[in-house]
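Hi,

Here is the structure I said I would pass on. Have a look at it first, and then read my notes underneath.

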Amino acid sequence: MKYKSQKVAYWFFALAILLFSLQIIYGFIMGFARIGMDGLHEFIPFNTARAVHTNLLVVWLLTGFMGAAYYIIPEEAQTELISVKLAFVQLISLALVGVVAIVGFHFNYWEGRKFLEIPRELDYLVVVNVLLFLGLILGTLYKGKRRTTTALVLTMGLVFAALLYLPGMIWFDSQVTDSFFRWWVVHLWVEGVWELIMGGILSYLLIKLTGVDREVIEKWLYVIVGLTFLSGILGTGHHYYFIGVNKIWLVVGGVFSALEPLAFLAMALFAMYMYKKGEKSHPNKIALFWTIGAAIVSFIGAGLLGFAHTLPQTNIYTHGTLVTAMHGHYAFWGAYAMIVLAIISYALPNMTGRKRYNVNTGHYAFWLTNIGMLGMTVAFGVAGVAQVYLERKMKLDFMDVQNEISIHFVVLLLCATMFATGVILYIIEFLRFGQPTDEAVLGENTTEE
Amino acid sequence: MLSKSQARTFFLGGTLVTFLAFIGLTVYSLSPQNDQTNHDQITEGVIRGKHLWEVNNCMGCHTIMGEGGYYAPELTKVYERRGPDFIKAVLKTPIPWQPRGRKMVAYEMSEEDAQALVEYFQWIGELDLNGFERIVSPLSQDK
């Protein structure tokens, strides 16, 4: 770490962690409601809890990506950020929009469009905020001495993510067209441009942690993001099978979404190969765990579990059931949550000067969150498969089925408790690092712990 | 062995080709001759119903066309399964609807709003969903 302005990333990471904690609390509210304990229904009905849970997910991940960009881009471009003050303005305005949206959800101030519940008036503020963010990143890159592939891929991901937000702001009279373009945002984000962001962060971390030559890592980064778009763009079709559009999507979506795991497989192999090939033994083992873990878990969650129900012949039964929740939880965790936690784990010692590289709390946080999330995924999966058979094959009524499968949500809550314990330990570690300092940034005052 | 510039060409070329194909397929599938939605039957009531569906975030609990919260019943075929009077009763009641233990918000809708949502559900129920309409709500087939 060489640039003082990188310190601004710390505050984005802190906000991301705070929002992540809130997301988990609302997840518990939903989990308890599913086993009949919905005492908060008058104040936080399920649809409010769900909107908060999913939107906090999107916002904390985006906040983490922004923090990652503020940390990575100055180092890659070899220059200070063009304005730290404006970066703080962007952070505060982002937090304000987020708070207004989340509070608004409790008072019916929303749009019932899954993942895009933020009302359109606030959408415009989001656009302004993101434009400010992109202005700062692109301005820094323009001013910089060096333009690397890692920085380019990360920035392309962020620019495309901003552009793809726009189709979600258009009003359509038809529910079908509305859904069609909603997936332009949601799918092309999570199975498209966010993978560029993930690839960019992964590439940066592998260069730093393994010491493998940048040219080698960045060449394979191109191949991976190439595979991502080659499969992911037309793979959008797997959301179009059964929403009232042409049958051609059954073929196109089926073929291309079946190819989507290839990008994640390539990413997992890439990370493991670079780790083995690397001659450098970086002392930050916890960051290495999160980095390699992200590559492997994203392959299982997004790749394999996505493939398990992506073909139309299977999806016709699983579409709209808890099977989707199974895939969603493990995919978001592996692909995006873990990579954000990886860059935070890598950056914290460098920003604060406290080399807490190998402490037990950090390792417990890694394993408890991962085992807990795996258990939650299995619980969702068992509940989802049971739902498919009972509801769609045996023709039982929806609520009869829900009562039958509620036991799996007890298991889910137990696993979620383990997961939350891991997150609490991660937060304790985050707090123990303290705040960033100029001395640490410039490498003048570091202490091994 | 693959060079970095070849890898870059693969990324940029592949992205461009698939993106153009995606745009072409979008235009094709949304063109009027391929309409599976009875688009000409989207009345003011259906539009009003969609608006109410959104402002109340019904999708946060229910699902429609398989999209939603998985917490409350799938409503694609609710018009066929339950009929307009039942739907209106649920939407207008001042007491939270609570079938077998799971509560719904009491929306206390006006007759006009409830009617708009009924028209919306009726329109949704007639969509051609490429076979999913036969799977999504098996109970409706027995009515």
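Below is what turned up, going from chain A on its own to the contact with chain B and then to single residues. Please keep in mind that this is a predicted model.

**Chain A by itself**

Chain A is built from 14 helices and 2 strands. Its C-alpha trace spans about 70 × 45 × 45 Å along the principal axes. The radius of gyration is 21 Å, which agrees with the value near 22 Å that a compact globule of 449 residues would have. Of those 449 residues, 66% are buried. If you take the contacts in chain A with a separation of 6 or more, 85% of them are between residues 24 or more positions apart.

One small detail inside chain A: Asn350(A) sits in helix α11, which covers residues 322-352. Asn350(A) is buried, at a relative accessible area of 12%, and its side chain reaches the backbone oxygen of Tyr346(A) at 3.4 Å.

**Where the chains meet**

How much area do chain A and chain B bury between them? The figure is about 6,700 Å², with 63% of it on carbon and sulfur atoms. On the side of chain A, the residues that lose the most area to chain B are Gln175(A), Tyr222(A) and Lys395(A), which together make up 10% of what that side buries. Counted by residues, the contact takes 79 from chain A and 69 from chain B.

There is plenty to look at in the way of polar pairs, too. The interface holds 30 residue pairs in polar contact and 6 salt bridges. Helix α7 of chain A (residues 214-235) gives the most to the side that touches chain B, with 13 residues. That side of chain A divides into 40 nonpolar, 20 polar and 19 charged residues.

If you want one residue to start from at the interface, I would pick Glu67(B). Glu67(B) belongs to strand β2 of chain B, residues 67-68, and it counts as buried at 3% relative accessibility. Its side chain makes a polar contact of 2.9 Å with the side chain of Arg182(A) and another, of 2.7 Å, with that of Trp183(A). Setting aside neighbours within four places in sequence, the contacts of Glu67(B) on chain A are Ser179(A), Arg182(A), Trp183(A), His239(A), Ile243(A) and His319(A). On chain B, Glu67(B) is in contact with Met59(B) and His62(B).

**Salt bridges**

Over all chains, the count of salt bridges comes to 21. As background, side chains of opposite charge can pair when their charged atoms come close.

Which parts of chain A does the pair Asp178(A) and Arg113(A) tie together? The two side chains meet in a salt bridge, 3.1 Å from N to O. Asp178(A) lies in helix α6 (residues 175-210) and Arg113(A) in the loop between α3 (84-105) and α4 (120-143), so the pair ties together parts that are 65 residues apart in sequence. Asp178(A) is buried at 2% relative accessible area, and Arg113(A) is buried as well, at 3%.

In chain B, the side chains of Arg48(B) and Asp113(B) form a salt bridge at 2.9 Å, N to O. This pair links distant parts of the chain, with Arg48(B) in helix α2 (residues 44-55) and Asp113(B) in helix α5 (residues 111-125), 65 residues apart. Are these two residues buried or partly exposed? Arg48(B) is partly exposed at 35% relative accessibility, while Asp113(B) is buried at 18%, because buried means under 20%.

Lys50(B) and Glu54(B) also pair in a salt bridge, at 2.9 Å from N to O. Both lie in helix α2 of chain B, 4 residues apart, or about one turn of the helix. Lys50(B) and Glu54(B) are both buried.

Finally, there is a network of salt bridges that share partners, and it joins Glu76(A), Arg146(A), Arg214(A), Glu215(A), Glu218(A) and Lys4(B). One link in it runs between the chains: Lys4(B) forms a salt bridge with Glu218(A), with the closest N and O atoms 3.0 Å apart.

Cheers

Note on methods. Residues numbered from 1 in each chain as written. Chains lettered and ligands numbered in written order. Predicted model: local features only at pLDDT ≥ 70, side-chain atom pairs only at ≥ 80, totals over all residues. Heavy atoms only, no water. Contact = heavy atoms within 4.5 Å. Buried area = accessible area lost by both parts, 1.4 Å probe. Salt bridge = Lys/Arg side-chain N within 4 Å of Asp/Glu carboxyl O. Polar contact = N/O pair within 3.5 Å; in protein donor to acceptor, adjacent residues only side chain to side chain. Nonpolar A, V, L, I, M, F, W, Y, C, P; charged D, E, K, R; others polar. Buried < 20%, exposed > 50% of the residue type's maximum accessible area, 1.4 Å probe, protein only. Rg over C-alpha atoms; globule rule 2.2 N^0.38 Å.
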